[in-house]
Every structure is written in structure tokens, then in C-alpha cells.
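Here are my notes on the model you asked me to look over. I have kept them as numbered points, so you can follow along in your viewer.

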Number of protein chains: 2
Amino acid sequence: MASTSSITIPSPADFHVHLREGAMSEVVTPHVRVGGIDVAYVMPNLTPPIITTAHALSYQAHLQSLSPKTTFLMTLYLHPSITPAEIQKAAAAGIRGVKSYPRGVTTNSDGGIENYEDYYEVFGAMEKSGLVLNLHGEVPSDAERGICVLNAEETFLQHLFKIHKAFPKLRIVLEHATTAAAVEAVKKCGPTVACSITPHHLSLIVDDWAGQPFNFCKPVAKYPSDRKALQDVVASGHPQFFLGSDSAPHPSLSKTTSSPCHGCAAGIYTSPILLPLLANLLESFGALDKLAGFASLNGRKFYGLETEGLKGVEVRRVAEKDGGDLVKRYGFGKEGGEVVTFWEGKKLGWEVVRNE
Amino acid sequence: MASTSSITIPSPADFHVHLREGAMSEVVTPHVRVGGIDVAYVMPNLTPPIITTAHALSYQAHLQSLSPKTTFLMTLYLHPSITPAEIQKAAAAGIRGVKSYPRGVTTNSDGGIENYEDYYEVFGAMEKSGLVLNLHGEVPSDAERGICVLNAEETFLQHLFKIHKAFPKLRIVLEHATTAAAVEAVKKCGPTVACSITPHHLSLIVDDWAGQPFNFCKPVAKYPSDRKALQDVVASGHPQFFLGSDSAPHPSLSKTTSSPCHGCAAGIYTSPILLPLLANLLESFGALDKLAGFASLNGRKFYGLETEGLKGVEVRRVAEKDGGDLVKRYGFGKEGGEVVTFWEGKKLGWEVVRNE
């Protein structure tokens, strides 16, 4: 059987991306488009976090200036200061969602939430105005209670069920799922609940981040059976599951210090290689025919974006026999900062072609 | 209740330590004594590994020249070239044990073993001549079979049981146990089987090495319940459990590259702080009264070393109100090499006092 040599995807969308600020942002924001993506759903965990419509819009304008052809969809950071009125205002301004971070589990999550019921009034306003709730689905580690990074996601799922039961029409995304348990939970909830999946969680297991800080992210990659569950649900083409890369650049030095704070340099950077990486991975588990659904249509439908008449982006098998260029790292700023890209030094075998 | 301010331990022994070669060895070998230890049971995973009595003895002589007051107990590396005759020769020369590394699971284990039954003749000779079998108790990861660094030790335990059943009088040490399952397995086997425990596995869980390469070792630290099982068995004073630090220095750069090979820079360096670290840890879980048993007598008895009339080493609470000096890293060689010590930048609150 001849192998597929090209796939054209209707306006690819990445429904979970970190674009940072300052010199880092100047480098990574244009990489979304380099990686083949037209639409970026932007995370709000800046310093300080984005908790007002005005802040989200000014950040959006800044990102737009850095990459004019990319569509940036904005989010707020769930926070005690956010009122139902602010939700209405945000919805009217075109903001698409609100991201919830449990306190202390990942980058810039010190202001994260501790009790979801405190936000039920806000969730009600979101349900009414059509904003999506984006959940970082981990509870904080607590050794006394037996909770660590390996079971933090599964332990979180009770909160997903509870919020979904209280707000059945609220659209909820369980972000960057890493476990078989999470996949089953999302399926069980039905069509108002969805799940983003990263390429790195389709690729890694726990062994791959053991001693390898550049493969460390939150939630951590888990058992082989968990990776298999993620691959299987993508291969099934299930409409509740779609791409959210969680591409999260960090200065390389923050990844290799002998005393990092827990979780604060968690993240894997995939933006500049995103579609070729996905083509490579989906082909490896026989799901190349699901690339358009996973990287565009499933997410677009869930978020209520256009799915017809979209311009395509082509991802094409590299013609060179040697598989093409090596994945490289990127510099930023004037002081020698570097961001290491996932799969650095490897070859993807696929490349983005934009016919324009 | 007044807290203990000083403990004197009869000639402390570390029954699992890596002393390396070259410039690194010159620095780390004297650190065994700095850390309060008199007897070092030395691992054979050099390059090439120690597979002859002659090599073990020349290495021992070299270590002795680097630290004349330390007693070095030597081991061979289980390898197809080792014969029953070599075992007899080794025993006659005072070599104490043979270390088995499953292939590919940790530093310099490329020559490790794949099938234990191939070594039954050697094990028979060891049982007869009194050499101890030191097992690195992990099977190699195999994603297809669901095996990863998290369940590699538990999956290995079947091999421990099988070898013990075939050679009930062979003294076996399951090295650096990390799981509740391993603790139970060793207890079940009875007095010819023992278990070494490292200070870092009494301290760390999986969260602590997530994104922290200087806390990465093989076997990896696991769930809170596993750490609790290790602490509990030490606190119980069980005679089958004793100190083997697995202190394993690596050049700091090898720990922070973006593309380390799996497991090859696995290791945590504790030699220079060993007894104070143990005092700190055992106090934290109420087992300070078990320090002499854990760090000297249990292991000495198992290995058939002297337990009476030994000179003591004192570990004393630091008098300074601020807890004393910070744990530091060490340089080696002429090219700026560095070894990062466990708990770098923290204070131990205890110090070694040698009354001589």
C-alpha cells in the first residue's frame, strides 16, 4: 500500500497554547503559524494573570502585532476577582473561555483556585453567555493523602463530574489529558464536555521524563497503558477529543537548575513543529486519516467556530531521503536565552506547506 | 522531652556506593569518610566493568591510596565470563559479593544480564563460598508489556523469589528498594535475603524528581505510600534492612543535557553528607534510635562483619542556632567538572564528629 504523502487540513487550530510575554513572546508567537496552525487558543497564565477583559484584549492586540495572520482566541484566568458581570463583558468582547488552575500545580499557578464551589455563580454566568471552562485537571500533591503527580489527574476527575452535573450545559474542556481514566471520564460526560490532548502525551511515558527535564510537563506523562488510551481515542476519531498542544516554552536554564521550584518550569515546547510532529505521531499509531478531525474540525465544532469553506494547510512528507532537517532550539532576547524544542535533534519526516 | 543531641554509631558502614574512576574518584572516595562512614561496599560498574578478581583488587588498592582509613569491600559485576572457579578465587581474595545489573537499566549496565538461569552455576558457587548476590531489582522497561520505571521493581520481584527458592542459603541483597512491594517481598524471604535502603528513597517521592534531574536515580522514587513503607521498616528496626546509600556521582552537565540516554546519568550523590543526612531523615519520622542498627549493625551482621568492640563515630546536632553550613557541590578534574550533592543549599542540622 502506498503511504500518504500529503494531507490538507482545514485551517488547523491549537486549542491550548502558551505565548508568554516580552522577548520570549516575540520568538514563540510567530512559531504558531510556522507549525502550521491558524488559530491559537491562548492561555492566560501571565504574570500577573489575565483576570480582566481589558487585559485579555490588550494582550490579544500585542500577539496580533507579532503574528498578523494568526487568529488568537483569548481566555481569562479563573480568580476570586472575576464577577458574573465581568464574564458578560468578556463574552461580549469575544473572549472564549476561562481557565482554571488548581493552586500551585504548574507555571504561574500561585493564584489558582482551591474550591470550585466558590465559583458556581461565575460558572452559571459562563454557561449562560457561552464561555468555555478550561480545566487544568490535577489536584495539588499531598503526600499525607497519598496524592502525587502520578494520581493527581485521576483524583481530579471527581471535580469534573461534580461541575458537569451542576452545570450540564456549560461547555467544559478537560485540558491535556494524560490518563486512561480521564479519557473514560470525558466520554462518560457527553457532548458538552471535551478533552484536549497534546502531541507529547501521545509520544511520552514516564520513562521519557525520568532524568530528562526537557520532557517534563504537568500533568506528567504516565504509564504505557495511559499513552495507549490517548492514542486509541485519537485513532477512533472521537469528536470530544482534539488538539491542544500545551506548547509551553521555558528558558532552558530554568529547566536544568539543581533547585527548581516544583512544577514552575513544567512544559514542553512544540509550536514550531506542531503539524509535522502530529503527522509523524498519528502515522506511528495508524491514525493519519484522523489528523484533520483532531487538529481542526473536532475542536472547531466544540468551540462553535466555522468548519466550512476554510482555507487548507498542507502537511507533506519530506521529499529528501534522509527525512529533512533536524528539529532545532531557538534563541530569544539579548542575553543568550534559549528555548529547547521537543524532539530536538530528531527528524520529523513531514513539513508544513502553505500555498499562498 | 529533650531531643537527642548526639548519637555514636559503631563503625558505620555503607553497603552500596559508587566510587568511579579518574578525577571524579579522587574527589568522591575520601568523601565516604567525610560523611561518617568507615566501611564502603563498592559497586563494580566501571568502564569496563570489574569482572575479575585481579581488577577488583587493583581497584581496591587504588581506592585505599585515596582514602587510607576507609575499609573497601569489593564486588564483581555478574557477567557471562565469570566462572565458578573465578568465584572461588574471588572469595579467597576477600571479595564479598557479585552485583547483577539487568541490561540497560542504569549507569554502565549495557553488559547487564538478561536471564538469571544462565548464572545458576555461578550462584551455586557463590552460595558455597559465601559470596553475596547483590541484585539491582528492576526489569528493563518494555512499553508493549506495560513495563515502565514505575513498576520495573515490583515486576522484578518474581526473579528474587525464584533465585531465593533455587538457592535458599545464598545470601541475596535486594539493592536500593523503593516500593512497599519490595519491602514485603524481602520480609517474606527470611534471613538469607536482605534489602539495602538509600537515604534519598527515605526522602523523595516521584514529585521530587519530576523536572529535577539532580533527584533522578534508578530505581526512581515512587508513591508516597512506598516512601512510607521504607520509613516504617527502618523505624521498626527490622534486621533485614540496612543502609546502602547508592551514592552515585555524575558530572552535573550529564544531568542537564537536552538529550541524555535513558538512565545513564541516573544517580544521587550523598557520600559527603551521609550520616548527618540520615540523622536528619530518621529523626523526621521518629526513628533516630534506629540509626546505629540501620547504618552499622544490621548490615554488618548480614555480611558477617565484626559487630563487637568497634570504634564509634559520633553524629551530633549542630550547635549553631541557624543549623550550620549549607550543603555544597564539589569540583573535580581540571576542566571545571562539578558534582551536585543531594540537598544542595539546604542545612542538615547534624554533623560528623570523629574523636581521634
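1. First, a word on naming: helices (H or I, at least four residues) and strands (E, at least two) are DSSP runs, numbered from the N terminus. With that in hand, Arg20(A) is easy to find, in the loop between β2 (13-17) and α1 (22-34) of chain A. Please keep in mind throughout that this is a predicted model.

2. Arg20(A) deserves a look for its backbone. Its phi is positive, about 60 degrees, although the residue is not a glycine. Is Arg20(A) buried or exposed? Arg20(A) counts as buried, because 21 other C-beta atoms lie within 10 Å and the cut-off for that label is 20 or more.

3. Ser11(B) is another non-glycine residue with a positive phi, here about 35 degrees. You will find Ser11(B) in the loop between β1 (6-10) and β2 of chain B. Ser11(B) has 20 C-beta neighbours inside 10 Å and so counts as buried.

4. Next, the overall build of chain A. The chain holds twelve helices and 14 strands. Its C-alpha trace spans about 55 × 50 × 45 Å along the principal axes. A compact globule with 356 residues would have a radius of gyration near 21 Å, and the 19 Å of chain A agrees with that. Of the 356 residues, 56% count as buried. Among contacts in chain A with a separation of 6 or more, 71% are between residues 24 or more positions apart.

5. Strand β7 (residues 132-136) of chain A is a good place to look inside. Which way do its side chains point? Val132(A), Asn134(A) and His136(A) point one way, Leu133(A) and Leu135(A) point the other way, and all are buried. Five of the five residues of β7(A) are buried, so the strand is largely enclosed by the rest of the structure.

6. What are the pairing partners of that strand? Strand β6 (residues 97-100) of chain A pairs with β7(A) in the parallel sense over four bridges, and Lys99(A) has Asn134(A) as its bridge partner in β7(A). β7(A) also pairs with strand β8 (residues 172-175) of chain A, in the parallel sense and over four bridges. There, His136(A) has Glu175(A) as its bridge partner in β8(A). Between β7(A) and β8(A) the chain crosses through helix α5 (residues 152-166) of chain A, and this β-α-β crossover is right-handed.

7. In chain B, try strand β3 (residues 39-42). Both of its faces are covered: Val39(B) and Tyr41(B) are buried on one side, and Ala40(B) and Val42(B) are buried on the other. β3(B) pairs with strand β2 (residues 13-17) of chain B in the parallel sense over three bridges, and Val17(B) has Val42(B) as its bridge partner. Together, β2(B), helix α1 (residues 22-34) of chain B and β3(B) make a right-handed β-α-β unit.

8. β3(B) also runs parallel to strand β4 (residues 71-73) of chain B, to which three bridges join it. The bridge partner of Val39(B) in β4(B) is Thr71(B). The chain gets from β3(B) to β4(B) through helix α2 (residues 53-66) of chain B, in a β-α-β crossover that is right-handed.

9. Two peptide bonds are worth checking. Lys218(A) and Pro219(A) are joined by a cis peptide bond, with omega about -5 degrees, and Pro219(A) sits in the loop between α8 and α9 of chain A. Thr47(B) and Pro48(B) are also joined by a cis peptide bond, with omega about -5 degrees. Pro48(B) sits in the loop between β3 and α2 of chain B.

10. Finally, the two chains together. A turn of 180 degrees and a shift of 0.0 Å along the axis lay chain A on chain B with an RMSD of 0.0 Å. That is the relation of a two-fold axis. In chain A, the C-alpha nearest the axis belongs to Thr256(A), 2.6 Å from it.

11. How many residues does each chain give to the contact? The contact takes 29 residues from chain A and 29 residues from chain B. On the side of chain A that touches chain B, the elements giving two or more residues are α8 (206-209) and α9 (224-235) of chain A. By class, that side has 17 nonpolar, ten polar and two charged residues. Since 100% of the interface residues of chain A are also interface residues in chain B, the copies meet through the same surface.

Terms used. Residues numbered from 1 in each chain as written. Chains lettered and ligands numbered in written order. Predicted model: local features only at pLDDT ≥ 70, side-chain atom pairs only at ≥ 80, totals over all residues. Buried ≥ 20, exposed ≤ 12 C-beta atoms within 10 Å, placed from the backbone. Pairing = 2+ DSSP bridges. Right-handed = clockwise from strand over helix to strand, strands pointing away. Contact = placed C-beta atoms within 7 Å. Nonpolar A, V, L, I, M, F, W, Y, C, P; charged D, E, K, R; others polar. Least-squares fit on C-alpha atoms with pLDDT ≥ 70 in both. Rg over C-alpha atoms; globule rule 2.2 N^0.38 Å.
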